[in-house]
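Biologist: I'd like to know where the words for a protein model come from. Can you take me through them, one label at a time?

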Amino acid sequence: MSLGGGLKLVLIGDGESPHLLKWARALKPRVQLYAISSRGFLPEFLQLLPDAQRLALNTEPDHGGGNVALIKQLPRMGQWLAAVDADWLHAHYLTSHGSLAWAAKLGWRLRAQIAGSAWGSDILVTPQRGGAWRWMTKKVLRHCALATSDSLYMTERMRELGAGEVMTFPFGLEALPKQNAKKQPWLCFANRGLESIYRPQLVIDAFARIAAAQPEARLVVANDGSLRQALEADVSARGLADKVTFVGRLDAAAQAAHYARSTWFLSLPESDSVSVSVLEAMAHGCVPLLSDLPANREVIGDSARGLIVGALEDLPARMDALDAARLGPINRDWVAANGLFEPHVQRFLTRLKELTPA
């Protein structure tokens with residue numbers, strides 16, 4: 001184990017992702033922290049870690065595993081890691097950054113062990129793309145001394161692929177948000193990416209049903225993506241332009257303000273693990289309307305904290321039958337008990353220390 005500050009750990013992931021930044025903020029006070037980014041780094045990363053403790057590979061990974069530009073950066077990364085001589089390589093998103101960590105450890109004979117954090121589609125989607133993807137995912141998982149998953153369902157998939165020890169905990173919130181806004185009863189909010197995997201068209205279809213039954217209903221669509229223009233055209237063609245507002249990407253404060261005012265939160269992807277957005281919405285007292293996925297059922301139970309959306313015809317009636325004002329505080333309390341990040345990070349680090357040779 002490294003001297004003078006506990007474990008020496010290198011985060012390997014997308015330094016332009018707020019999720020990796022959240023991990024970095026949580027780990028910084030507890031370890032000697034370094035970071036490698038497949039792309040660049042968010043400004044906050046530059047403040048968190050000095051230049052000597054960061055390496056930006058400046059590529060554009062596709063997160064599907066076939067990242068030729070990323071593989072070309074392997075020699076640079078391997079040499080940098082050999083000089084750092086870390087105890088742990090902590091890879092986020094297993095099919096791209098996990099395979100890079102494994103290749104660097106092998107090629108440069110690093111003493112570091114690998115901890116791998118699965119993010120969702122790297123386990124639930126990529127291995128189904130074909131034999132080569134499945135082989136790579138299995139190889140990475142078997143070389144992880146410890147892995148993390150944010151849902152029981154994904155943990156089971158990881159074990160089927162050959163994972164050893166897996167810790168399961170939600171990629172939760174750093175703190176509970178303040179409650180400082182009055183809820184608008186039929187205000188809906190959606191903020192997943194406007195890409196096909198998140199099925200934003202289904203969100204619009206669902207809202208059209210809601211608005212037909214509740215004329216006062218409104219929908220705010222945050223985030224961006226390749227489908228935005230088509231979605232805006234569809235909303236206009238349906239005569240819903242005065243009820244649906246597209247606001248693009250939001251910073252954390254603006255997003256929190258929308259959560260705070262909204263009663264309903266729509267997230268209907270075709271594949272997902274436990275979504276941070278769903279936890280954020282529940283922490284703000286929103287009632288989630290979610291697609292029928294195992295991880296979503298883990299979060300909201302059997303309609304105890306929201307609704308699983310199947311057929312759209314009866315959705316407005318099912319929503320009307322819920323006591324949203326009562327569910328808001330229940331959801332917030334559930335996140336306080338189950339969805340905060342801090343205690344799980346401490347548990348993760350305790351296990352890393354136990355697995356590190358003296």
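Modeller: What follows is a string of labels, each held up against its rule.

Modeller: This is a predicted model, where local features need pLDDT of at least 70, side-chain atom pairs count only at pLDDT 80 or more, and totals for chains, interfaces and linings use all residues. Residues are numbered from 1 along each chain as its sequence is written, and side-chain values use heavy atoms, with hydrogens and water left out.

Biologist: Okay, Ser37 to begin with: why does Ser37 count as buried?

Modeller: Buried means under 20% relative accessible area, exposed over 50%, and partly exposed in between, using a 1.4 Å probe and protein chains only. Ser37 has 0% relative accessibility, so it counts as buried.

Biologist: And what does the side chain of Ser37 reach?

Modeller: It reaches the backbone nitrogen of Gly15 at 2.8 Å. A polar atom of that Ser37 side chain also lies 3.0 Å from the backbone nitrogen of Arg39. A polar contact is a pair of N or O atoms within 3.5 Å; within protein, one must be able to donate a hydrogen and the other to accept it, and residues adjacent in sequence count only if both atoms are side-chain atoms.

Biologist: Where does Ser37 sit?

Modeller: Ser37 is in strand E2. Strands (E, at least two residues) and helices (H or I, at least four) are DSSP runs, numbered from the N terminus.

Biologist: How are the strands of the open sheet ordered?

Modeller: Seven strands run E3-E2-E1-E4-E5-E6-E7, with parallel pairing. Two strands pair if DSSP finds at least two bridges between them. Take E5 (residues 113-117) and E6 (residues 144-149): they pair over four bridges. Within that pair, Ser117 stands opposite Thr148 in E6.

Biologist: What makes E3 and E7 edge strands?

Modeller: E3 (54-56) and E7 (166-168) each have a single partner strand, so one side of each is left without a neighbour in the sheet.

Biologist: Now the rings: why is the pair of Tyr34 and Trp80 called edge-to-face?

Modeller: Rings of Phe, Tyr and Trp (its six-membered ring) pair if their centres lie within 6.5 Å; planes under 30 degrees apart count as stacked, over 60 as edge-to-face and the rest as tilted. For Tyr34 and Trp80 the centres are 6.1 Å apart and the planes stand at 75°, so the pair is edge-to-face. The two rings come from distant parts of the chain, with Tyr34 in strand E2 and Trp80 in helix H4, 46 residues apart. Both Tyr34 and Trp80 are buried.

Biologist: Why is the pair of Phe171 and Phe341 edge-to-face?

Modeller: Their centres are 5.1 Å apart and their planes are at 90°, so Phe171 and Phe341 also make an edge-to-face pair. Both of these residues are buried. Ring pairs join Phe171 and Phe341 with Trp23, Trp119, Phe169 and Phe348 into a cluster.

Biologist: Last one: which residues touch the most other members of the largest nonpolar core?

Modeller: Leu11, Trp23, Leu27 and Leu352 do, out of 49 residues. A nonpolar core is a set of buried Ala, Val, Leu, Ile, Met, Phe, Trp, Tyr and Cys residues joined through side-chain atoms within 4.5 Å. A second, separate core has 35 residues, among them Trp80 and Met158.
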